[in-house]
Amino acid sequence: MIAATLALIAAGCSSKANDEDEGGGGGGSELRVDDGVTATTIPLGVLTDMTGVYATLGKSVTQAQQLYFDELNAAGGVCGREVELTVRDHGYDPQKAVSAYTELEPEVLGFPQFIGSPYVAAVKDRIDTQDKGLVIPQAWSATLLGSENIRQIGATYDVEMINAVDFLVQEGFVDKGDKIGHVYFEGDYGENALAGSEHAAGAAGLTVVGKKIKATDQDMTAQVTSLAKAEVSAILMSAGPRQSASLAGVAAASGLDVPVVGSNPTFAPQLLETAAGPALLKNFYVSTSTLPIGSAEPGPAELSAAYEKEYPGELLDTGVIAGWAAADLFGEALKRACEAKNLTREGVTEALLSIDSMDTGLGITHDFSDPAEPSTRESFILRPDDEAKGGMVVAKEAFTAAAAADYAAEGAGG
């Protein structure tokens, strides 16, 4: 599927590196370009985290995107132009993130990566009213819904947690009347996830015991102690990998033997080599809208082989899938914009709105035609496995909980 995707993109790209019409599907009009696009290049920006909370994921997301665009360029590029990535590491720091966006925005056509829901939210109004460049964030807060220019791939955090609670109920981990803990980052990410868990808990007759933390908090002893005292039957986690490791390890050491289900950014395979590894293998799960990178399905298998060839010795994790998927979506929008002879920010956004069924072979088909809706409401439930490539396997195939199907995600239409 990965190879087929590249072949299709190459087939749809013009080989002529100027603005003259070639008599193709453009209706005789010249190719429109702006925002740094030249006769030979299409500049894109990458705002990542390689030194902060999501450093390991940021590295693999960025490398996967570089791999995608390198292969796209080798296949002819888009309208005869090579796609060039300019990378900035914001270290999950709000000032650095906004500063990096401000620096790159005038020079690039758009951003196939922007890590951090709070930081995307901080510039959302600028993107929507002034800048108009397509941004595909590695962030899934529903507060970003409603924008034609900010498009997420996958279920939003609230929908992920509704599916997570349904998984806990269906598997018999929790019963009506039980309490479930939810440890979450302050800000858009965690608070949106909490909105989902509380919605699902209300529908299932459960009670959520919320514990808000900061991104700089790494020791979860206080949170575990409080949740154990509350006698929770399960815990939801909407934070980072370091917090997941601490929570799982402390819970195991204190005798709190309950399942933990994390939002999609909560796990990294390196955690299995830490002291928390056994606890994660026993009790940890992740709700996410993609197959694991170690899946034997053709899409992940082809991607992992290509990634390992390009970056030998580098760790495979969920960032590889997330990075490739975002680059693939941006690439498809560029290809359609090229076919429409409109390689401007407006043209790229219009092209993306035309994508109502995109299957990249990574597990779920996505619809990007309605900015007010998540691209899917389906989630896989994954679990750690120290013998699997990438450290994760499927525990439950993709599904949409009944409580998620008719749920109005926060921010929809806004």
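Which residue in S5 stands opposite phenylalanine 111? Select phenylalanine 111 and look across to S5: valine 135 stands there.

Before going on, note that this is a predicted model, in which local features need pLDDT of at least 70, side-chain atom pairs count only at pLDDT 80 or more, and totals for chains, interfaces and linings use all residues. Residues are numbered from 1 along each chain as its sequence is written, and side-chain values use heavy atoms, with hydrogens and water left out.

**Stop 1: the sheet of 4 strands**

Helices (H or I, at least four residues) and strands (E, at least two) are DSSP runs, numbered from the N terminus. Two strands pair if DSSP finds at least two bridges between them.

Select strand S4, residues 110–114, together with S5; the two run parallel and are joined by 2 bridges. Both belong to an open sheet with the order S3-S2-S4-S5 and parallel pairing. Strand S3 (82–89) and strand S5 (134–135) are its edge strands, and each pairs on one side only. Now add helix H3, residues 94–104, which packs on this sheet and touches strand S2 (41–48), S3 and S4. Contact here means heavy atoms within 4.5 Å. The direction of H3 makes about 175 degrees with that of S2. Such angles run from 0 to 180 degrees between N-to-C directions, and the axes are lines fitted to C-alpha atoms, for helices over the stretch in contact.

**Stop 2: lysine 132**

Next select lysine 132, in the loop between helix H5 (124–131) and S5. Lysine 132 is partly exposed, with a relative accessible area of 40%. The scale is this: buried means under 20% relative accessible area, exposed over 50%, and partly exposed in between (1.4 Å probe, protein chains only).

The side chain of lysine 132 reaches the backbone oxygen of aspartate 128 at 2.6 Å. Not counting residues up to four places away in sequence, lysine 132 touches Arg126, Ile127, Asn149, Arg345 and Thr349. Glycine 110 is 22 residues away along the chain, yet its C-alpha atom and that of lysine 132 are separated by 8.6 Å.

**Stop 3: the sheet of 7 strands**

Move to the open sheet of 7 strands, whose order is S7-S6-S8-S9-S10-S12-S13 and whose pairing is mixed. Strand S7 (207–213) and strand S13 (392–399) stand at the edges with a single partner strand each, so one side of each is left without a neighbour in the sheet. On average, neighbouring strands of this sheet are turned by 25 degrees against each other, direction ignored.

For one pair, select S10 (residues 284–288) and S12 (residues 379–384), which pair in the antiparallel sense over 3 bridges. Threonine 288 stands opposite phenylalanine 380 in S12.

**Stop 4: helix H8**

Select helix H8, residues 221–229, which lies across strand S6 (179–185), S7 and strand S8 (234–238). H8 runs at about 165 degrees to S7. Which residues of H8 are buried? Colour Gln223, Val224 and Leu227. They cover an arc of only 95 degrees around the axis, which puts them on the same side of H8; the arc is that of the directions from the helix axis to the C-beta atoms. An α-helix has 3.6 residues a turn, so residues three or four places apart point the same way.

The buried residues of H8 pack against S6, S7, S8 and helix H9 (241–254). On the other side of H8, Ala222, Thr225 and Lys229 are exposed.

Just after H8, find glutamate 231, in the loop between H8 and S8. Its phi is near 60 degrees, a positive value in a residue other than glycine. Glutamate 231 is exposed, with a relative accessible area of 63%.

**Stop 5: serine 263**

Is serine 263 buried or exposed? Serine 263 counts as buried, at 0% relative accessibility. Find it in the loop between strand S9 (260–262) and helix H10 (277–283). A polar contact of 2.7 Å joins its side chain to that of serine 238. A polar contact is a pair of N or O atoms within 3.5 Å; within protein, one must be able to donate a hydrogen and the other to accept it, and residues adjacent in sequence count only if both atoms are side-chain atoms.

**Last stop: leucine 247**

Select leucine 247 to finish. Leaving aside neighbours within four places in sequence, leucine 247 is in contact with Val183, Met220, Val224, Ile235, Met237 and Val260.
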